[in-house]
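Please find below my notes on the helix packing and the chain contact, set out as numbered points for you to check against the coordinates.

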Amino acid sequence: MRTINGMRIEDALSVDDARGAGFGPRTSQLVNEACARWLEKKGLLHRGHTHFGARITKSTHITEPEK
Amino acid sequence: MKTRLIVIDTETGGLDPRRHALLTIAAFDSQTGDSWEARIKPAPGLEIDQDALAVNGLDVADLARSGREERDAMMDLWCWARLRKDGILAGCSPEFDAGFLKAACDRAKVSWPFTHRTLDLRAAAWCAYEAGILPLPLSKAGRPRFDLDAILGALGLSRAADKHDATEDAELTLAAFEGITHLLGGNK
């Protein structure tokens, strides 16, 4: 199971999720961005109408289940 | 995180705070997310080693042209830090950065604005490694690595570029502290 900074990818799909897990504001942003980069690298991230480099949002979805 | 950490990182012109120049400083407040950073004009009479520039990739000519005067930067940092004097000074080997900041405070004739309590990310990583929850990579000699890159890698984080950047490294160090805390089940 892939984790970023101790959080499962699917649990860090928004900055608010990371904040809810107890991370501070800067770290939540950083964890979320790291998740986005990893998902994008794996081709699992559909960014929809958000521009390249945007953070994952609730509207973003993953095309395959995490293995 | 229940306690306030003031996470610092510096880039310098070498390893000796009395001989080498302080070039960049970054500090983060873990509770508010506020940051402070400065690029410093190298102080006169101090040295800058090429080996150090190979690590941080800084352009000395650009710092000399557009960096802040060291005294001005230290006075500004003093004001920022005094508002957060309850925070614990933290970093990856923070005694190294504190040594350079203390030397710069002395040159600028400003008092030390931080607490004297420090917290080293390597110690936190050691605890997590020994507890079996942070699988650190091994050195060629077969010993666990406790450098920032190794700790970040074990947490699924990384630098954006190869060169060391004080702001990015301080931000990542703070994230690593929070990540290890999360692994230990103590973020709430």
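1. In this predicted model, the residues of α5(B) that meet α7(B) are Leu121(B), Ala124(B), Ala125(B) and Ala128(B), and their partners in α7(B) are Thr173(B), Ala176(B), Phe177(B), Ile180(B) and Leu183(B). By class, the residues of this contact comprise 8 nonpolar and 1 polar, with no charged residue.

2. As for the geometry of that pair, helix α5 of chain B (residues 121–130) packs with α7(B) at an angle of about 25 degrees, the axes being 10 Å apart. Because angles under 35 degrees count as roughly parallel, α5(B) is described as roughly parallel to α7(B). The crossing of these two helices, α5(B) and α7(B), is left-handed.

3. Turning to the contact between the chains, chain B contributes 17 residues and chain A contributes 15 residues. On the side of chain B that touches chain A, the helix giving the most is α7 (residues 166–183), with 7 residues. That side of chain B has 7 nonpolar, 7 polar and 3 charged residues.

4. Across the chains, α7(B) also packs with helix α2 of chain A (residues 25–41), here at an angle of about 95 degrees and with the axes 9 Å apart. Since the range from 65 to 115 degrees counts as roughly perpendicular, α2(A) is roughly perpendicular to α7(B).

5. The residues making this contact are Arg26(A), Thr27(A), Leu30(A) and Val31(A) on α2(A), together with Glu171(B), Leu174(B), Ala175(B) and Glu178(B) on α7(B). Sorted by class, the residues of the contact of α2(A) with α7(B) are 4 nonpolar, 1 polar and 3 charged.

Definitions and conventions: Residues numbered from 1 in each chain as written. Chains lettered and ligands numbered in written order. Predicted model: local features only at pLDDT ≥ 70, side-chain atom pairs only at ≥ 80, totals over all residues. Contact = placed C-beta atoms within 7 Å. Helix = DSSP H or I, 4+ residues; strand = E, 2+ residues; numbered from the N terminus. Nonpolar A, V, L, I, M, F, W, Y, C, P; charged D, E, K, R; others polar. Axes fitted to C-alpha atoms, helices over the stretch in contact; angles between N-to-C directions. Parallel < 35°, antiparallel > 145°, perpendicular 65-115°, else oblique. Left-handed = near helix turned anticlockwise from the far one by under 90°.
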